[in-house]
Amino acid sequence: FFVNTLVLRSDISSDKGLDILIRDSRQMLLDAYAHQQVPFEKIVEVLQPERSTQHSPLFQIMLSWSSEDSGGPLNLDGLTIEPMAEAGSQAKYELSLTAAESAEGLVLAWEYNRDLFTAKRIARMAEHFAIFAKAMIETPTLAVGDASLLGEQDITQLNAWNGTHTQLPDVCLHQLVEAQAAKHPEHIAVVHEDVELSYGELNAQANQLARYLREEQGLADEA
């Protein structure tokens, strides 16, 4: 087994140029390769991150790269070796991207956790990946935050959304919450991970926060 996992960290600041992103990524990779002999298991042992059976420690996205000369045929006397297609596999990480060089170009394969992604979402992600890579080639000085990931389907959908609107009552948001809390206090208003708040609970907590802020403002005014 000649493969060792390298944990990488990228700085993708929105104001950074695409050419600078490529340069910084290259340097980051060279720095990582300088320590590639350190076993991944040793890094986990030293850092002791919080462990979970739901995901791998330190990273959840894997990139595997193989060049054209690394995947050539293996010729041994007395043996005939042929590649076999994998019948099926279980995703080891949330998302894995395998990139392989070939005579036809770069071949990408995506493996993903079906609890987190759908095939349609991965297909869109692959399209966005290609658009971003094209922008790196055609407009290298463009800032990362200005690089569009939108394909034709995305633009069509945005244009459709922009053509629709709903007229809302001329009242503040908290007034709408208060009205809903008065009518249906038991209905769910907010969901975050495994926490749910009904309209009644949301309104009560909002009022409590408002009173606290008013008291703090009063103290600030007196000071």
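In this predicted model, Asn203 is part of helix H6, which runs over residues 199-222. The relative accessible area of Asn203 is 17%, and the residue is therefore classed as buried, since the term buried applies under 20% relative accessible area. When residues up to four places away in sequence are not counted, Asn203 touches Glu178 and Ala181.

The chain to which helix H6 belongs contains six helices and five strands, and these elements follow one another along the sequence in the pattern α-α-β-β-β-α-α-α-β-β-α. Of the 223 residues of the chain, 14% count as buried. Among the contacts in the chain with a separation of 6 or more, 46% are accounted for by residues 24 or more positions apart.

Helix H1 covers residues 18-33, and its length can be checked by a simple calculation: at 1.5 Å a residue, its 16 residues should span 22 Å, and the C-alpha atoms at its ends are 22 Å apart, which agrees with the expected value. Within H1, the residues Leu18, Leu21, Met28 and Ala32 are buried. Seen down the axis of H1, the buried residues fall within an arc of 80°, so they line one face of the helix. The general geometry of such an element helps in reading this arrangement, because an α-helix has 3.6 residues a turn and residues three or four places apart therefore point the same way. On the other side of H1, by contrast, Arg23 and Arg26 are exposed. The cover over the buried residues of H1 includes helix H3, which consists of residues 119-138.

A further link to the start of H1 is found at Thr141, which is placed in the loop between H3 and helix H4, the latter covering residues 152-162. With a relative accessibility of 67%, Thr141 counts as exposed, because that term applies over 50%. Although Thr141 and Leu18 are 123 residues apart along the chain, their C-alpha atoms are separated by 5.8 Å. Thr141 is also in contact with Gly17 and Asp19, when its neighbours within four places in sequence are left aside.

Two residues of the loop between helix H2 (40-47) and strand E1 (61-66) stand out by their backbone angles. Gln48, which is found in this loop, has a positive phi of about 50° although it is not a glycine. With 63% relative accessibility, Gln48 counts as exposed. Leu58 is likewise placed in the loop between H2 and E1, and it has a positive phi of about 75° although it is not a glycine. The relative accessibility of Leu58 is 33%, and this residue therefore counts as partly exposed, because the value lies between the limits of 20% and 50% that separate buried from exposed residues.

Beyond strand E1, Ser67 lies in the loop between E1 and E2. This serine is partly exposed, with a relative accessible area of 23%. The C-alpha atoms of Ser67 and Leu106 are separated by 9.4 Å, while the two residues are 39 residues apart along the chain. Another serine, Ser96, is found in strand E2 itself, which comprises residues 95-102. Ser96 has 9% relative accessibility and so counts as buried. Not counting residues up to four places away in sequence, Ser96 touches Met62, Ala109, Trp110 and Glu111.

The second largest pocket of the model holds about 510 Å³ of space. Its lining is made up of 17 residues, of which Ala91, Tyr93, Tyr112, Asn113 and Arg114 are the closest to the centre of the pocket. Sorted by class, the lining of this second largest pocket has four nonpolar, eight polar and five charged residues.

Terms used:
Residues numbered from 1 in each chain as written. Predicted model: local features only at pLDDT ≥ 70, side-chain atom pairs only at ≥ 80, totals over all residues. Heavy atoms only, no water. 1 Å grid on protein atoms, 1.4 Å probe; cavity = no way out; pocket = protein on both sides within 12 Å on 5 of 7 lines; lining within 4 Å. Points joined across faces, edges and corners; volume = space filled by probe spheres on them. Nonpolar A, V, L, I, M, F, W, Y, C, P; charged D, E, K, R; others polar. Helix = DSSP H or I, 4+ residues; strand = E, 2+ residues; numbered from the N terminus. Expected span 1.5 Å × (residues − 1). Buried < 20%, exposed > 50% of the residue type's maximum accessible area, 1.4 Å probe, protein only. Arc of directions from axis to C-beta. Contact = heavy atoms within 4.5 Å.
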